[in-house]
Amino acid sequence: MIWGIFKRDMCHATRNVIAVIVSMGLVVVPALYAWFNIAASWDPYGNTKALKVAVANNDKGYKSDLIPVRVNVGETIISTLHANDQLDWQFVKSDKAIDGVKSGEYYAAIVIPKGFSADMMTLFSPDIKHAQLKYYLNEKINPIAPHITDQGATTVVNTIDKTFAKTIAQVGLDLASSILHYSQSPQMAEYMRNLNGNLTTMADTLSGASQQVTSYSQLLGSANDIVDSTGKLLASATKAGKQAQNALKQGKSGATSFTSAGANVTSSVNTALDQVSGAFDQVAAKVNKAFDAIGKDSDTAASQLTTLSEQVSSSESLYDTYITSLNHMHESVEQLPDSDSAKQALLEAIDREITLLEAAKGDSQKLAQQLKDASTQVTQDTAAAERSHKEILNRITSAKQSISNVRDDYATNVKPKIDALASTVSTLISQTDSMITQLSGTADDLDDVTGDVGTNVTSIRSALGAIAKKLDSSAATVKELITKLETGGNAGDGNSDGGNDASSSDSGESDELRALATANASTLSTLISAPVALHRVSVYPIANYGSAMAPFYTILSIWVGAIILCAMLKVTISDREKAHVLGLGDTLPRIAGPSGPGNASRWGLRLDHEYFGRYAIFALLALLQGTLVCLGDMYFLGVQANHAVQFLAMGWLAALVFSNIVYTLTVSFGDIGKAVAVVLLVMQVAGSGGTFPIETLPKFFQMLYPFLPFPHAIDAMHAAMAGSYGNEYLLDMVYLALFLIPSLLLGLVLRKPVIRLNNWVSRNLESTKVM
């Protein structure tokens with residue numbers, strides 16, 4: 001019975017040209033579906049050269065004040081990309097690049113910002129700022145399937161990242177090489193000589209400051225002598241009361257002028273020293289501000305230093321005022337009687353004070369000159385200016401400390417004695433007798449004062465001695481630095497005769513740096529951009545992306561072919577065909593009842609005969625479909641198939657299983673079965689793991705995965721293409737064949753209860769005149 005049904009179906013399918021053409025179409029269409037998809041995805045990432053990527057360079061470059069080598073990383077990147085053919089680089093303005101991405105003219109755009117080079121150079125400073133590129137990507141215009149879009153975008157980004165990483169690394173190595181060559185140039189040698197000269201000057205200045213501190217300590221000792229001399233003077237006055245009375249009366253006019261001069265001096269000293277001390281604080285703050293501007297605006301820094309030099313020079317008038325006041329005091333003391341033993345000691349103390357102020361004035365003049373020199377070095381030699389910065393601050397600190405000590409000494413020692421002397425002289429003029437009587441008591445009190453002053457002066461001199469030692473130590477350190485620089489320079493030049501171990505070490509490091517900078521920059525930049533080389537070992541290698549996608553599209557097309565067969569061919573057998581198979585003429589006897597499955601069973605044509613008889617032509621066409629698509633994959637497209645027979649056998653088994661499932665659904669549920677077949681197709685496209693690993697899919701598809709035929713068919717076809725691990729291929733073939741069990745169970749056993757239901761649904765659909 002089955003053979004009879006199949007034989008008549010073959011006669012009907014080949015009785016005319018149209019039937020033959022339709023039958024051939026049913027075989028060819030699934031193959032075309034598979035071939036077009038495989039060919040389209042053969043090498044989707046091999047044509048990235050056609051992707052237009054805009055590049056806009058806004059980099060302004062960078063030039064250091066210390067090393068006059070101009071760097072423009074943006075221009076170097078542009079030059080490198082001109083020689084790069086991985087993408088279709090479009091070099092345009094930034095506005096056009098961004099607008100082109102929005103309009104779809106460019107797939108992506110890269111904008112190099114203005115401060116890119118400057119940000120890169122912060123790598124050599126404590127305040128590191130990451131250099132950033134702006135990357136614009138239009139994700140809307142890509143019409144490829146989502147999984148290819150994501151992978152393609154990632155490939156493009158990785159390509160750009162790697163290209164730029166290599167370019168930037170090469171820029172850094174080229175820059176290091178340029179700096180090394182520059183360090184060996186005559187200009188750099190001249191800079192080193194200037195550096196040594198400035199360091200020598202600094203060492204000499206520190207030594208001079210130490211000497212000044214020592215001298216000031218000696219001056220304080222002399223001031224202590226003045227206090228002692230004053231005590232002796234009063235003691236002498238006690239012994240010669242009558243003579244002192246006459247001398248005081250004779251020097252009335254001189255004492256009056258001395259009192260006036262002492263008051264004026266006191267006022268002048270306080271005002272002058274306060275102004276000078278405050279001025280030094282302002283100068284130090286402005287000096288720091290000026291030097292902070294170096295590298296950003298050297299001209300402004302130079303102008304500020306020049307102004308400070310002029311301000312310091314103008315402050316010299318304060319010293320002149322103070323010196324003039326002391327000279328007036330000197331003249332007033334000279335008017336005192338020569339018989340006064342304290343007169344000469346006081347005159348000597350005033351002279352020493354004038355000498356000290358003149359020395360401080362000289363320091364101020366030197367500071368003004370250093371500020372003026374630094375204003376020139378700012379625009380010419382930043383390294384020397386930085387050293388002058390420290391030197392100037394040290395000199396300001398030293399000068400300020402000297403002024404502070406002078407002021408304290410004056411307030412503690414000189415001023416009280418001048419005031420006391422003036423008061424004493426005035427009292428002596430009005431009350432000579434009383435003054436003579438009290439001279440002895442005053443002398444005793446003065447002994448206590450001079451004792452305290454002597455103790456304080458001793459402490460101050462000890463502190464000044466410690467400062468002098470530190471200044472000497474700093475000078476020695478600077479001289480040691482000069483020696484090391486000279487030794488390092490000789491080692492770098494290769495002129496050292498061996499020297500010490502440190503010189504040999506420095507020479508070795510210099511040779512290593514020179515070897516690194518003179519090496520192949522392209523090779524080193526490639527190493528830096530990808531420091532770890534990935535040695536890929538392919539296990540069951542696949543030749544290309546098209547071959548990798550071939551199992552998915554092949555299995556998908558075979559299922560589509562099964563749906564097309566059920567859409568184009570009838571799955572039920574008419575009563576007329578049944579009568580011919582049974583040899584009953586053109587019609588079944590009336591007792592057969594209404595037309596439908598199983599109505600000829602009393603004459604021997606059972607339901608299973610109808611099922612297999614009509615399925616035979618479905619199976620034949622499905623096998624032809626599977627054969628054509630598999631042979632076309634291997635020999636037309638060139639899909640990799642290490643085991644061609646297994647590949648073809650997998651296609652045959654898939655064709656039989658899929659056609660049987662779709663045929664069973666259709667013969668059991670009619671049009672509803674066809675819809676179910678389409679739903680199963682959609683579910684398997686999403687959940688078969690043919691494009692993405694099943695582990696990346698939602699939990700629902702991971703649970704459904706083992707119960708779908710697609711995954712087992714795709715895995716078996718992969719094994720046939722690249723090789724099988726153990727019995728992997730055979731197991732997948734068995735798993736796929738097991739799907740025939742529920743399909744045959746539905747078609748032969750469970751189909752009977754739903755025949756009437758299916759007939760009722762078919763009649764209602766036909767009654768709509770549309771379905």
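Eight helices each supply at least two residues to the lining of the second largest pocket: helix 1, helix 2, helix 17, helix 18 (575–582), helix 19, helix 20, helix 21 (671–687) and helix 26 (755–767). The structure described here is a predicted model. Helix 26 gives the largest share of this lining, seven residues. The pocket itself, the second largest, has a volume of about 1100 Å³. Its lining counts 41 residues, and those closest to the centre are Leu-569, Lys-570, Val-571, Thr-572 and Arg-614.

Closed spaces come next. There are two cavities of 30 Å³ or more, and the second largest of them has a volume of about 30 Å³. Its lining is made by Val-571, Thr-572, Ile-573, Glu-610, Tyr-611, Tyr-663, Val-667 and Arg-751. Helix 19 and helix 20 (644–669) each bring at least two residues to that lining. Val-571 and Thr-572 thus appear in two places, since they line this cavity and also belong to the residues closest to the centre of the second largest pocket.

Helix 20 also holds Asn-660. With a relative accessibility of 3%, Asn-660 falls under the 20% cut-off and therefore counts as buried. Leaving aside residues up to four places away in sequence, Asn-660 touches Tyr-611, Tyr-615, Leu-740, Ser-743 and Leu-744. Of these contacts, Tyr-611 is one of the residues lining the second largest cavity.

Helix 2, one of the contributors to the pocket lining, can be followed from its start. At its N-terminal end Asn-16 acts as a cap, with a side-chain oxygen 3.2 Å from the backbone nitrogen of Ile-18. The helix runs over residues 17–40, and because each residue should add 1.5 Å, its 24 residues are expected to span 34 Å; the end C-alpha atoms lie 33 Å apart, in agreement with this. Along the way helix 2 bends by about 30° at Val-28, and a proline, Pro-30, follows within four residues. Val-28 has a relative accessibility of 30%, so it counts as partly exposed. Its C-alpha atom is separated by 7.4 Å from that of Leu-628, although the two residues are 600 residues apart along the chain.

The buried residues of helix 2 are Ala-19, Ser-23, Leu-26, Val-27, Pro-30, Ala-31, Ala-34, Trp-35 and Ile-38. In an α-helix there are 3.6 residues a turn, so residues three or four places apart point the same way. The buried residues of helix 2 pack against helix 1 (2–13), helix 17 (545–568) and helix 19 (607–637).

One residue of helix 19 gives a detailed view of this packing: Gln-625. Its relative accessible area is 2%, under the 20% limit, so Gln-625 is buried. A polar atom of its side chain lies 2.5 Å from the backbone oxygen of Leu-26. Gln-625 touches Leu-26, Val-27 and Pro-30, as well as Gly-561, Ala-562 and Leu-565, when residues up to four places away in sequence are not counted.

Helix 23 (residues 709–722) offers another example of a covered helix. Its 14 residues reach 21 Å from the first C-alpha to the last, close to the 20 Å expected at 1.5 Å a residue. Twelve of the 14 residues are buried, among them Pro-709, Phe-710, Pro-711, His-712, Met-717 and Met-721. After helix 23 comes Gly-723, which has a positive phi, near 120°.

Conventions. Residues are numbered from 1 along each chain as its sequence is written. This is a predicted model: local features need pLDDT of at least 70, side-chain atom pairs count only at pLDDT 80 or more; totals for chains, interfaces and linings use all residues. Side-chain values use heavy atoms; hydrogens and water are left out. The expected span of a helix is 1.5 Å times one less than its number of residues. The bend at a residue is the angle between axes fitted to the seven residues ending there and the seven starting there. Buried means under 20% relative accessible area, exposed over 50%, partly exposed in between (1.4 Å probe, protein chains only). Contact means heavy atoms within 4.5 Å. A polar contact is a pair of N or O atoms within 3.5 Å; within protein, one must be able to donate a hydrogen and the other to accept it, and residues adjacent in sequence count only if both atoms are side-chain atoms. On a 1 Å grid over the protein atoms alone, a cavity is a set of points where a 1.4 Å probe fits but cannot get out, and a pocket is an open set with protein on both sides within 12 Å along at least five of seven lines; lining residues have an atom within 4 Å of a point. Grid points are joined across faces, edges and corners, and a volume is the space filled by probe spheres set on the points.
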